[in-house]
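Good morning, colleagues. Please have the sequence and the structure open while I take you through several local features.

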Amino acid sequence: SRAGQRAMAAAEVEAALAAGLEALLGSRSCANRVFEILELLQAEEEEVVLSAIQTCSRLFGTFLQRGELFVGQLPPEEELLPESCSAEEKYKIWMRHRYISCVNCLVELMGHESFHVKESSLCTLMKFVELEARHPLVKTEWSFNFPRDLLKLVVKGLISTEEDSSLLISRFQEYLEHDDVRFFAMKAVAENMGNVMQKTKEPLPIYQKNAFAFISSISMPSNESEIKNFLVKHASREEWKVLKLKEHKRAFERMWLGFLKHKLPSNLYKKVLMILHDSILPHMNEPTLMIDFLTVAYDIGGAISLLALNGLFVLILHHNLEYPDFYKKLYSLLDPSIFYVKYRARFFRLLDLFLSSSHLPSYLVAAFAKRLARLTLTAPPDALLLVIPFICNLLRRHPSCKVLVHRPGGPEEMSADPYVWEEEDPLESRALDSSLWEIQTLQRHYHPEVAKAASSINTALSETEDDLMELMELTSYEIFDRDIKKKATTVPLEFQRVTGLFGQKNDVLAEYFSLE
């Protein structure tokens with residue numbers, strides 16, 4: 001059978017590879033057999049390629065440990081070597097060129113259609129990184145030497161411009177747990193993004209998605225004492241940058257700023273803003289460098305503005321950011337769509353924080369309360385059960401705004417609402433001259449819980465604020481589920497039995513339609 005023939009062919013290849021490996025490790029006279037192994041890296045059959053990768057791993061891994069590869073500035077292969085060069089040096093230079101060919105083939109195989117081949121190539125390359133760090137191929141005055149060029153090639157293979165590499169990047173996670181690998185990987189990503197993105201002004205969605213998957217997976221240390229897990233351990237540590245948290249933060253900062261300075265697809269914009277406040281800003285030396293990115297995002301509008309709020313809040317609270325029109329912009333974000341975005345709970349949590357200060361002017365708080373009240377007229381019940389207590393909390397914090405509910409000496413009725421909905425500036429909206437008649441309207445809402453919540457403004461509000469945490473996550477499905485499970489004690493019934501479609505005995509429709 002064809003499967004049997006394939007198995008026999010694979011077994012023959014494996015035997016040939018094993019024989020070639022044994023010959024190469026046993027005698028330098030068989031050096032040319034390395035071409036047989038390298039050629040099989042480009043075979044079509046997946047099993048053959050995997051066997052060739054494993055053979056290369058063992059072959060060059062042993063050569064690195066034995067010191068059989070040339071160390072120093074490698075002369076080009078076409079260049080004639082001086083006569084003073086010994087046969088051993090010539091062999092080592094030649095074999096080092098074969099090693100470079102193997103590395104380049106493995107980097108190409110990181111784009112192979114088979115994930116097993118990709119994974120095997122990645123693991124072999126990282127084995128070479130570790131061995132090159134222990135047995136350097138470059139002469140250096142420093143006691144510490146990390147094979148940055150090799151790691152740059154690995155990073156280049158991970159951040160593909162042509163296909164989604166997120167699965168391979170997640171496989172790379174275990175290496176990023178090493179502090180030295182993470183440090184040099186961050187530098188390599190920053191350099192790679194600079195080289196790729198400067199060639200184009202347009203977004204590269206696949207490349208940027210891969211770059212985001214890589215850099216967002218980096219977990220930073222919080223204290224210098226945590227920096228102790230190294231792929232390669234070295235004796236001399238005095239001038240070693242990898243030991244300093246400040247250097248890690250600087251590399252992390254440069255990497256993220258390099259990623260964010262280019263135009264992003266909108267879905268990536270949102271993903272960055274989702275993690276910015278807790279996964280990026282705390283690990284930067286100068287978080288204020290994010291001001292431009294956040295203010296631009298905040299001015300875009302819609303969901304992106306809502307998400308930019310978190311980062312801006314951190315900068316305003318902890319880094320003394322001054323944003324002159326912050327509340328004006330926040331006010332403009334209040335439109336009917338806020339009740340339907342998936343970030344609703346996060347937005348109201350932040351809105352609550354921004355309006356919590358007792359030093360805010362009354363006109364500003366009144367404008368927010370009034371705008372929210374107007375939005376309740378078209379909001380779904382799950383949003384109303386959050387917004388009504390939210391408005392009540394605003395009135396509790398700012399007693400001067402209670403004139404919106406009860407205005408002593410005010411007119412009995414108003415012919416028109418003085419509030420100007422279209423006005424973008426809260427100061428000019430005339431909210432303090434208005435009233436919260438919308439909440440009174442909701443006392444006749446079809447949903448009994450909404451009507452009950454709206455009735456709370458009929459009596460004096462308690463001093464204790466309502467807890468909004470549970471209400472923020474409330475959904476219409478939960479309300480519906482809760483209503484279904486309620487047990488009614490009495491059910492109102494019609495006195496006369498219905499006979500027609502509309503219940504009237506002599507109805508014309510009753511002649512043609514029945515309820516049977």
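F183 and F184 are both buried. In this predicted model, these two residues form an edge-to-face aromatic pair, with 5.1 Å centre to centre and 80° between the planes. The structure holds 21 aromatic pairs. Another edge-to-face pair is formed by F326 and F354, at 4.7 Å centre to centre and with 65° between the planes. That pair links distant parts of the chain: F326 belongs to helix α15, residues 326-332, F354 belongs to helix α16, residues 344-354, and the two are 28 residues apart. F326 and F354 are likewise both buried. Ring pairs also join F326 and F354 with Y298, F313 and Y327 into a cluster.

Aromatic rings take part in a further kind of arrangement, with arginine. The charged end of R98 sits over the ring of W94, 4.9 Å from the ring centre. Similarly, R371 lies over the face of W421, with 4.1 Å to the ring centre.

I turn now to helix α6. This helix covers residues 148-158, and its buried residues are L150, L151, V154, V155, G157 and L158. Viewed down the axis of α6, the buried residues fall within an arc of 160°, so they line one face of the helix. On the other side of α6, D149 and K156 are exposed. Which elements cover the buried residues of α6? The cover includes α4 (87-109), α5 (115-134), α7 (166-171), α9 (179-197) and α10 (205-216).

One further residue of α6 deserves a comment. L153 is found in this helix, and because its relative accessibility is 28%, L153 counts as partly exposed. Leaving aside residues up to four places away in sequence, L153 touches V103, N104 and V107. By contrast, L153 and L432 are 279 residues apart in sequence and 64 Å apart in space, C-alpha to C-alpha.

Helix α5, named a moment ago as part of the cover over α6, permits a check of its geometry. At 1.5 Å a residue, its 20 residues should span 28 Å; the end C-alpha atoms of α5 are 29 Å apart, which agrees. At the N-terminal end of α5, S114 acts as a cap: a side-chain oxygen of S114 lies 3.3 Å from the backbone nitrogen of H116.

Next, helix α18. R396 lies in this helix. Is R396 buried or exposed? Its relative accessibility is 16%, and therefore R396 counts as buried. The side chain of R396 reaches the backbone oxygen of T464 at 3.2 Å. With residues up to four places away in sequence not counted, R396 touches L461, S462, E463, T464, E465 and D466.

Finally, a point on backbone conformation. Most residues other than glycine have a negative phi. R430, a residue other than glycine, has a positive phi, near 60°. Where is R430 placed? R430 is in the loop between α18 (381-397) and α19 (437-441). R430 is partly exposed, with a relative accessible area of 44%.

To recapitulate the two arginines discussed last: R396 is buried within helix α18, whereas R430 is partly exposed and has its place in the loop between α18 and α19. Thank you for your attention.

Methods: Residues are numbered from 1 along each chain as its sequence is written. This is a predicted model: local features need pLDDT of at least 70, side-chain atom pairs count only at pLDDT 80 or more; totals for chains, interfaces and linings use all residues. Side-chain values use heavy atoms; hydrogens and water are left out. Rings of Phe, Tyr and Trp (its six-membered ring) pair if their centres lie within 6.5 Å; planes under 30 degrees apart count as stacked, over 60 as edge-to-face and the rest as tilted. Buried means under 20% relative accessible area, exposed over 50%, partly exposed in between (1.4 Å probe, protein chains only). Helices (H or I, at least four residues) and strands (E, at least two) are DSSP runs, numbered from the N terminus. A charge sits over a ring if NZ of Lys or CZ of Arg is within 6 Å of the ring centre and within 35 degrees of the ring normal. The arc is that of the directions from the helix axis to the C-beta atoms. Contact means heavy atoms within 4.5 Å. The expected span of a helix is 1.5 Å times one less than its number of residues. A polar contact is a pair of N or O atoms within 3.5 Å; within protein, one must be able to donate a hydrogen and the other to accept it, and residues adjacent in sequence count only if both atoms are side-chain atoms.
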